[in-house]
Structure formats: structure tokens, C-alpha cells
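Biologist: I am new to this structure and would like to learn how to read its features one at a time. Could we begin with the vocabulary and then turn to the case at hand?

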Amino acid sequence: MTTASTDSPRRAASATATSARPTAPTAPTRATAPTTAGAAAPTHDGPVAPARPGATALRPLRHDAVRLTRGFLADWQRTNRDGTIPHAIEQLEASQALNNIRRVTGEHEGEFVGFQFADSDVYKTLEAIGWEAGRSDVGDLLPFVDATVDLLERAQQPDGYLNSHYQVDKPELELAPGELRWGHELYCLGHLLQAGVAWVRTTGRRDLLEVGLRFAALVDERYGPEGAEGVDGHAEIETALVETYRVTGDERWLTLARRFVDLRGRQLVGPDPLGYPYFQEHEPVREVREATGHAVRQLYLAAGVTDVATEAPDGDPELRAALERIWTSVHEHKMYISGGVGSRHRDEAFGDAYELPPDRAYAETCAAIADLQWNWRLLLLTGQSRFADEMERGLFNAVAVSTSTDGCAFTYANPLQLRTGAGGGGENAPAGRQPWFRCACCPPNLARLVSSLHDHVATTTDADLQLHLFAQGTIALGDVGGEATTATVTTDYPWDGTVEVSFDAPFSGGSVALRRPGWATGAAVSVDGREVEPALRDGYLVVDAQESPVTTITLVLPLEPTVQHPHPFVDATRGTIALTRGPVLYAVEQADLPEGVTPEQVVVPGSPVVTVAEGDAVTGPRLLVAGARVRPAGHLPLYLAEPAGSAATDAADAAARPTAEPVAAPGDPFDLVAIPYHRWGNRSAGGMRVWLPTS
Ligand SMILES: [Zn+2]
């Protein structure tokens, strides 16, 4: 298949105009790599590379176009490369995930260890290294990659089947219809394909993808248009198949993905457990009204549906309308202020609208990652800043909180309050970060996201550049910027609100659009030293460079501390406030409280004075709240009885009763210190809370 240029950051740019709406199915515009194993030319795409001309409002840049050099995101990528990924490789041995596969080849004897989807931990780690291979030297990791791909090739059956749990323990049930409910066979295949896709895109290496394609062909035979009807109990294969279509150009994978989307909602995996929509199987995707059930399943499905709609010849307005309803439900009714989702521990599920208890927040790390991946797809599709805003919210809070500063310990659930003395050490109620989990979905999921973080920073259209995430580094412009070939972004965001974008030669392409975050009540822009008032379009401040080329654009975002109030329907946080500064959510942690004061005792004024104070390398900038008081530390009954109506009639008697109201305590007032929520739990044990009761 012929292709538009695949080695330009604006490859296929001529086909990106949103007005171009082909009426007939069209083939992908990117290179189709040869079908032989081994290496071909890399396509240099990152995660999500829309194939249909005109499918999306924005186009991703090349995977190697953005280089993060310093600051929050660059540090995170470095920690991921040097800490998380080598740690994950060690843990794949320690957790027996690799030995599970060696059981298939006869190189290991013993029981299968872990959950039936443990193979996916291996695949996600391979995917992380695949993205990493496009941005750093992974020579030291290649022995692991080569040995693992070799192992997978040898473990794969001649018919293409590959799943270490089924092959040894349940061979007679491989891909049996009844197994799709809990078996995760297609889920694991999805992660295998995504790992293969990453390697093809960044290096041209195809052997891992070939393993996935052989298995996918078997699945297509069993469950494709000529096969049985079925969907996997855990969505994931849908988005993986569309990405596979995008790198291979083979329509079969897109057709299979669309089939899985269209078949969902017919109870093919059987009734939902407990009688509520756990599997998103209760109604067809096109009729969905709200986000339901297992949060990661819901969000992976939404990402897959977005991919299918993106590649549909007409953009599938019906699917897009359903996606809009799910998005609104998630982001306007069911999301924590951290960007975490899934408020129910039971079944790791979405709760009802406004059911957002901070101490019982489940907010699985994978769900926050999935939401980011989904919002990236919607951002590309629509060009609207609200999707980038949600990416940013999750990134700096719900996702970042899940990793320790050394990148080698993790949370699975991410509550917004941990009570003093909470002893939970498990996955569900963490009192601190853990090196790994028996259900280890989250850590390697983080690794694959972070190694591709830079892909989410900027995009292009024909001659325009859009900046979505603010991070110090360089952006190779290819032929986007007229004379300019490189943009250099200088900033200490999110700690400092100044973002300078300078071009090595005047940018005269089209326009430069800078996201004005939803939290930013004001933003100042200057171009080459002159203050300007750029047009606001889709949430972006658009600097037009066509008539007068620009060399430097400076965006100044207000980073004053902000007080956040919960929606009145969120009963669990009524009467509290939270503190934010820019995109960063803050929390109060035991380590910063005066001797004898716990987070439960803290009370703040309803409209507190908040100042910014320097922090250290662990905490980052801190916030100080003036006028903090403490609740009584002595004994109080759990419930305080008061005769109805007595307050007005018998004030003297009421005054003599114990009260739950805050009272002055020795040592106060004190400056209450808040640190970025994502940094809690890195210094010492103890309680933490985001929402602070007001006096
Ligand atoms: Zn997870």
C-alpha cells in the first residue's frame, strides 16, 4: 500500500483537513511494513496513529519528535526508564509471570502462579520497552526482550494460540465461548498486539507483532465474521485490533474490532454478576447512557469504541454520541478531583453519580491510565481542550500518585484520605506503596504510559502546531513551521506557570495553539515581547503566524492557590474544601503536622488564606493554610444526641453537652502544610487527606 510520508512529523498532513470526509471506506495512509519477521522501516508513530484521511481534527507528531529534557515529565520518564522498567523485569521473574510461560515450553515445572491474565504483565513491560526504544538507548534491556520474544515464539502453538494459563491447565477450553467471560484470553492478546505495534512503530522490529498476528488470525477464525459470536469479558482487544490495523493496513483487524464493539450489549458473556452492569454488556454500546461497571473495562472499551469510530468512513456519529454520554458521566458525575475513577472497591466499579467517598475511593491506577489513553484519542478526534485538561488532571494527580519517587513502588487503589492507624497493606486499601502486586496490572501499565508520555505533548494539523501538555524540551517540527525546524519549550511547569516556546527560525507555518487549561482563570500571552490577545478556539489560545512570523511565544498561566468546593450532591465531602495550584491537587499528610495532631483533627476556615512555600525535592512546592485549628482530641461519643428543636429553646442546656464543633486546642493556631497529593507517602507512615473540613 502506498502511503503519505511516514518520516515527517506532519505525515499525511495533506489529508488531515477535517472537511475531508470520504464517503467510501478508505485504506490507511501509512506504510504497510513487510509481513516477514525481522526489521522493516519504523513508522515512527506513537500510541494511536489514525489511518483514515481526515479522520481526526489533530494529528500526532512522530514518536521521536518531542524530547523532554528537564522538569516534571522528563524526570518521570527518566525514573521510568532507569527505575520502573528494570524493576518490572525483575518482578516478572519474582512474580513467576515468566515462569508461567516457561511451563508451556517445559522449561519450568510448578503451578501456574497469579491471575489467569498474568501474561499481560509481560506484554505491557515489552510494550513499555518498545516505546522506550524510540526515545532512548535500550541496549541493556534487549537481552530481556530477545529472550522473552523467543520464549513466546516457542510457547505459541502451531495454530497460533498463546496463553500460558490455558495451554497447560485448561487446553480443552482454549477460546471456548464460556471462557470469554473471565478468561481474559482476548484481553491478553490485546496487550500482546499493542506491544508488537509499539516495536514496529519505533524500531521496525516485527517478530513480536508476528506472534500476535498469528494468535489474532486464530481469534478471527473463531470469532470473526465467519465464526461464533462472542466478546471478551474484559475489553482491551478492540483498541489493540484497531492499532494493529493501523500498522498492518489489514482491514481484517478493523472489521474484527468493529464486530466486538457491535456485539457488546447482547449478554454474550452471560449475565452480569450481582445484577448490575459489570461487563458493559447490559445494553448495546450505541445505546449506552452512562459509565457503568468495572471502571477499567469501561474505559478500555470506550477507547476501543473511539478508535472504531475514528476509522469508520463516516466517523460513526451514533458511536460518537454514545461516547459523549459516557464521557460526561465519567467526568462530570463520577470522577474524583484527582482524576481517579471507580469509587467502589467491590468489583472495582463505578458508583452512582456523585458517589465519591474520599476514604473509600478505589480509583485504580489502571483506570486513571485508561482515562488518559481515552482522552488522548478524543483530543485527536475533536481538537477540544477539555480532553487535554482531563489528561493533565489524571497525569499530575491520579496517575502520578501511584508511583514512589524512585519509580519502584506503587499503589493499586488511590484513596483521597487515609485514616490514622489504617493498617491496610494490601492492594485494596493501601497504607503505602508496594513493590508489586499479585494482580500486577498497574505497574507495567504505568511503565508503558510513561515511556510514551512525550507523544501526548503536542500535535499538528496542516501547518499548525498545538501544545497540550507543558513540559521543557524540544519539538522537531519537520515541515510544519515554515522556516522553523525546532521549537524549544522552556518551563518549570507545573510548579511555575510561565511557558516559553521559541523557534530556531521564525515560525511562519500557520498558527501555534497553546492550551488554556480549564482551571486557568486568566492567561497572558506575548509574542516576541509584545503582549497580544490571541483568539480562543476550542480552549486554545491561537497565535496566528501566517502574516507575521513569530520567534518566541510566552504563555503565563496564573498559579495562585485555589480553593475547591465539592458539588453539593457529593455528600461524602460536604463541608470540606480541597486545595489546588494549577493542575496539582494538594493533600495534608501526617509528616507535616505538629506533634500530637492527626489529619482527622485538622479544620480550616471556609475561605482560608493560602500561601505558597518552598518545598524539598520529595514534596515539591508546599501550600500553607493560615488559621488551621484542631478538633478536640479527647473522648467524644460516636453519636451526639440532641433533642429535636432544643437548640432554640434550651440554649443553656445545649451548651453544656459535648460538641463535635472545632475548638481551640493547645498549640494552635499553626500553619497547616499541604503537599502535592501525588507526593504523599514518600516520607513516613501516617494519615493523609485531600478534603479538609471547614470551621
Ligand atoms: Zn491495574
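Modeller: The elements are DSSP runs numbered from the N terminus, helices being H or I runs of at least four residues and strands E runs of at least two. This is a predicted model, in which local features need pLDDT of at least 70 and side-chain atom pairs count only at pLDDT 80 or more, while totals for chains, interfaces and linings use all residues. Residues are numbered from 1 along each chain as its sequence is written, and side-chain values use heavy atoms, with hydrogens and water left out.

Biologist: How should I read empty space, and how much of it lies in the largest pocket?

Modeller: Rolling a probe the size of a water molecule over the atoms shows where empty space is left. On a 1 Å grid over the protein atoms alone, a cavity is a set of points where a 1.4 Å probe fits but cannot get out, whereas a pocket is an open set with protein on both sides within 12 Å along at least five of seven lines, and lining residues have an atom within 4 Å of a point. Points are joined across faces, edges and corners, and a volume is the space filled by probe spheres set on them. Here the largest pocket holds about 710 Å³. It is lined by 32 residues, and those closest to its centre are Met335, Tyr336, Ile337, Arg393 and Gln564.

Biologist: Which element gives the largest share of the lining of the largest pocket, and how do the residues of that lining divide?

Modeller: Helix H11 (317-333), helix H13 (385-399) and strand E17 (584-589) each supply at least two residues of that lining, and the largest share, six residues, comes from H13. For the classes, Ala, Val, Leu, Ile, Met, Phe, Trp, Tyr, Cys and Pro count as nonpolar, Asp, Glu, Lys and Arg as charged, and the others, Gly among them, as polar. By that scheme the lining of the largest pocket has 15 nonpolar, ten polar and seven charged residues.

Biologist: Which residues lie nearest the centre of the second largest pocket?

Modeller: They are Phe72, Asp75, Trp76, Thr405 and Arg679, out of 16 residues in its lining. The second largest pocket holds about 430 Å³, and its lining divides into five nonpolar, eight polar and three charged residues.

Biologist: How many cavities of 30 Å³ or more are there?

Modeller: The count comes to four cavities of 30 Å³ or more, and the largest cavity holds about 220 Å³. Of the 18 residues lining the largest cavity, the closest to its centre are Pro47, Gln194, Gln373, Arg377 and Arg448. H12 gives the largest share of this lining, three residues, and by class the lining has eight nonpolar, five polar and five charged residues.

Biologist: Which residues coordinate the zinc ion, and why is the arrangement called tetrahedral?

Modeller: Donors are N, O and S atoms within 2.8 Å of the metal (3.2 Å for Na, K and Ca), and sites may look incomplete because water is not among the atoms. The zinc ion is coordinated by Glu364 (OE), Cys366 (SG), Cys441 (SG) and Cys442 (SG), at 2.1 to 2.3 Å. Four donors count as tetrahedral if all angles lie between 85 and 135 degrees. The four donor atoms here subtend angles of 96 to 118°, which makes the arrangement tetrahedral. Along the chain the donors follow the spacing E-x1-C-x74-C-C. Glu364, in the loop between H11 and helix H12 (365-382), and Cys442, in helix H14 (residues 442-450), are 78 residues apart, and the pair links distant parts of the chain.

Biologist: Are Glu364 and Cys442 buried or exposed?

Modeller: A residue is buried under 20% relative accessible area, exposed over 50%, and partly exposed in between, with a 1.4 Å probe and protein chains only. Glu364 counts as buried at 3% relative accessibility, and Cys442 counts as buried at 0%.

Biologist: Where are residues with a positive phi that are not glycines?

Modeller: Gln267, with a positive phi of about 60° although it is not a glycine, is placed in the loop between helix H9 (251-263) and helix H10 (295-311), and Gln267 is partly exposed, with a relative accessible area of 36%. Asp316, whose positive phi is about 45°, lies in the loop between H10 and H11, and Asp316 counts as buried at 11% relative accessibility.

Biologist: Which residues does a cis peptide bond join?

Modeller: Such a bond joins Tyr493 and Pro494, with omega about 10°, and Pro494 lies in the loop between strand E7 (486-491) and strand E8 (498-507).

Conventions:
Four donors count as tetrahedral if all angles lie between 85 and 135 degrees; four count as square planar and six as octahedral if opposite donors are over 155 degrees apart and all others between 65 and 115; anything else is irregular.
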